[in-house]
Amino acid sequence: MKQENSKLAIKQIDKKIKSIQTFEKVQFQKEGWIKTLRNVLNISMEQLGKRMAITAQGIKKMEEREQERGITLRALDDVAKAMDMTLVYGFIPIDGSLEKLIERKANEMA
C-alpha cells in the first residue's frame, strides 16, 4: 500500500514538474528579476519601497542580494506582490521526471 501511495505521489509531482519545465529555459537575469522588472515597469526604488513600506535603500539591498543569490523566497514573494505579480518556484529534475531520476539512481546503486 505504501509503495502504491509513493508511486502515485511521484506521478502527481511529475505532472506538476511537467507544467513548469518550460521555465527551465528562462535564463537568470544578470541584473536580477527585481531590477529588470522594476526598470521595464518604470517603477523607481522609492515607489517600490513605498509599496513595500521600506526605503529605497532597502530595495537596493534586495536587488543586490538577489544578484548574489542570497535573497529569501519570502522577500521575492513580497516584491512580487508589491508589483502585482506571483512568484513561481520549483525544481526540475535533470532527467526530465522524478520517475527517470529514481530509475537512474537505482541503476547507479546496482
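Contact here means heavy atoms within 4.5 Å. With that cut-off in hand, the predicted model can be explored from helix α2 outwards.

Helix α2 covers residues 33-40, and three of its residues, Ile 34, Thr 36 and Arg 38, are buried. The cover over these buried residues includes helices α3, α4 and α5, the last of which spans residues 73-82. Helix α3 runs over residues 45-52, and helix α4 over residues 56-67.

Thr 36 is a pleasant place to begin a closer look. This residue of helix α2 has a relative accessibility of 16% and therefore counts as buried, since the buried class lies under 20%. Its side chain reaches back to the backbone oxygen of Gly 32, at a distance of 2.7 Å. When neighbours within four places in sequence are set aside, Thr 36 is in contact with Gln 29 and Glu 31.

Arg 38, another of the buried residues of α2, has a relative accessibility of 6%. The side chain of Arg 38 forms a salt bridge with that of Glu 63, with an N to O distance of 2.6 Å. Because Arg 38 belongs to helix α2 and Glu 63 to helix α4, this pair ties together parts that are 25 residues apart in sequence. Glu 63 also counts as buried, at 6% relative accessibility. The link to α4 fits in well with the wider picture, as α4 is among the helices that cover the buried residues of α2.

The end of helix α2 offers a change of scene. Val 40 is in this helix but is exposed, with a relative accessible area of 65%. Together with Leu 41 and Met 85, Val 40 forms a nonpolar patch on the surface, and the accessible area of the three residues comes to about 270 Å². Just after α2, Asn 42 takes a positive phi of about 60°, a sign noted here in a residue other than glycine. Asn 42 sits in the loop between α2 and α3 and is exposed, at 67% relative accessibility.

A positive phi turns up again in the loop between α3 and α4, where Ala 53 is placed. Ala 53 is not a glycine, yet its phi is about 60°. With a relative accessible area of 72%, Ala 53 is exposed.

Attention can now turn to the charged side chains. In general, side chains of opposite charge can pair when their charged atoms come close. The model has 5 salt bridges in total, including the one already described between Arg 38 and Glu 63. Another joins the side chains of Glu 99 and Lys 11, with N and O 3.6 Å apart. Glu 99 lies in helix α6 (residues 98-109) and Lys 11 in helix α1 (residues 2-20), so this bridge ties together parts that are 88 residues apart in sequence. Glu 99 is partly exposed, with a relative accessible area of 39%.

A further salt bridge connects the side chains of Asp 95 and Arg 104, at an N to O distance of 2.8 Å. Both residues can be placed in the partly exposed class: Asp 95 has a relative accessibility of 22%, and Arg 104 has a relative accessible area of 26%. This pair has company, as Asp 95, Arg 104 and Glu 108 are linked in a network of salt bridges.

Finally, the aromatic rings deserve a word. The count of aromatic pairs comes to 1. The rings of Tyr 89 and Phe 91 make up this pair, with their centres 5.7 Å apart and their planes at 70°, so the arrangement is edge-to-face; the angle cut-off for that class is over 60 degrees. Tyr 89 is exposed, with a relative accessible area of 54%. Phe 91 is exposed too, with a relative accessible area of 64%.

Note on methods: Residues numbered from 1 in each chain as written. Predicted model: local features only at pLDDT ≥ 70, side-chain atom pairs only at ≥ 80, totals over all residues. Heavy atoms only, no water. Patch = residues over 30% accessible without salt bridge, like charges linked within 9 Å, V, L, I, M, F, W, Y side chains within 5 Å. Areas by Shrake-Rupley, 256 points an atom, 1.4 Å probe, with all protein chains shown as cover. Salt bridge = Lys/Arg side-chain N within 4 Å of Asp/Glu carboxyl O. Helix = DSSP H or I, 4+ residues; strand = E, 2+ residues; numbered from the N terminus. Buried < 20%, exposed > 50% of the residue type's maximum accessible area, 1.4 Å probe, protein only. Polar contact = N/O pair within 3.5 Å; in protein donor to acceptor, adjacent residues only side chain to side chain. Phe/Tyr/Trp six-rings, centres within 6.5 Å; stacked < 30°, edge-to-face > 60°.
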